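Visitor: I am new to this structure. Could you show it to me and take a few questions?

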Amino acid sequence: SMKANPSKLLVQREASYFLQNMLVHENETANAISKSRVVPIIADAMANEQADAEFIQSVCGLIANLALNKRAKAAIGKSGAIPCIIDALNPSEDLDVKQAACSALKHLALESPD
């Protein structure tokens with residue numbers, strides 16, 4: 001759905017929330033997502049001027065959960081998502097966005113348990 005609708009933020013936001021829930025301690029799911037083009041697509045969409053706080057929060061939450069997997073963490077690093085997460089911290093006054101962005105950066109910085 002994300003590949004078919006790369007410019008539809010609502011679809012991407014809901015897909016990000018769905019994938020966050022699918023990732024709870026599931027390395028196979030994280031590996032599958034990291035092999036797909038999902039992270040670069042949503043990272044690009046974060047830079048879209050129409051991306052609202054809820055969308056950015058959902059993407060950061062997905063990246064935070066993905067970053068708990070070593071293979072996915074490497075894919076996130078290659079995707080260009082890290083500068084997008086950092087950029088999300090600056091203009092936002094939404095505490096939920098800041099918390100999600102900080103969680104994503106924290107998980108990316110920590111050693112993966114797998």
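Here are some questions and answers on the core, one buried residue and one helix pair.

Guide: A word first: this is a predicted model.

Visitor: Which helix gives the largest share of the largest nonpolar core?

Guide: That core has 32 residues. Met46, Phe55, Ile56, Ile63, Leu66 and Ile76 have the most contacts inside it. The elements giving two or more residues to this core include helix 1 (9–22), helix 3 (38–46) and helix 7 (95–109). The largest share, 8 residues, comes from helix 4.

Visitor: Which residues does Leu66 touch, leaving out those up to four places away in sequence?

Guide: Leu66 is among the residues with the most contacts inside the core. Leaving out those sequence neighbours, Leu66 touches Leu23, Ala30, Ile33, Val39, Ala72, Lys73 and Ile76.

Visitor: Is Asn31 buried or exposed?

Guide: Asn31 sits in helix 2. Beyond four places away in sequence, Asn31 touches Asn69 and Arg71. Buried means under 20% relative accessible area. Asn31 has 17% relative accessibility, so Asn31 counts as buried.

Visitor: At what angle do helix 3 and helix 4 pack?

Guide: Two packed helices are described by the angle between their axes and the distance between the axes. For helix 3 and helix 4, the crossing is left-handed. Their axes are 10 Å apart, and the angle is about 150°.

Visitor: How many nonpolar residues does the contact of helix 3 with helix 4 have?

Guide: Helix 3 brings Val38, Val39, Ile42, Ala45 and Met46. They meet Phe55, Ile56, Val59, Cys60, Leu62 and Leu66 in helix 4. By class, this contact has no polar and no charged residues, and its nonpolar residues number 11.

Conventions:
Residues numbered from 1 in each chain as written. Predicted model: local features only at pLDDT ≥ 70, side-chain atom pairs only at ≥ 80, totals over all residues. Heavy atoms only, no water. Core = buried A, V, L, I, M, F, W, Y, C linked by side-chain atoms within 4.5 Å. Buried < 20%, exposed > 50% of the residue type's maximum accessible area, 1.4 Å probe, protein only. Helix = DSSP H or I, 4+ residues; strand = E, 2+ residues; numbered from the N terminus. Contact = heavy atoms within 4.5 Å. Axes fitted to C-alpha atoms, helices over the stretch in contact; angles between N-to-C directions. Left-handed = near helix turned anticlockwise from the far one by under 90°. Nonpolar A, V, L, I, M, F, W, Y, C, P; charged D, E, K, R; others polar.
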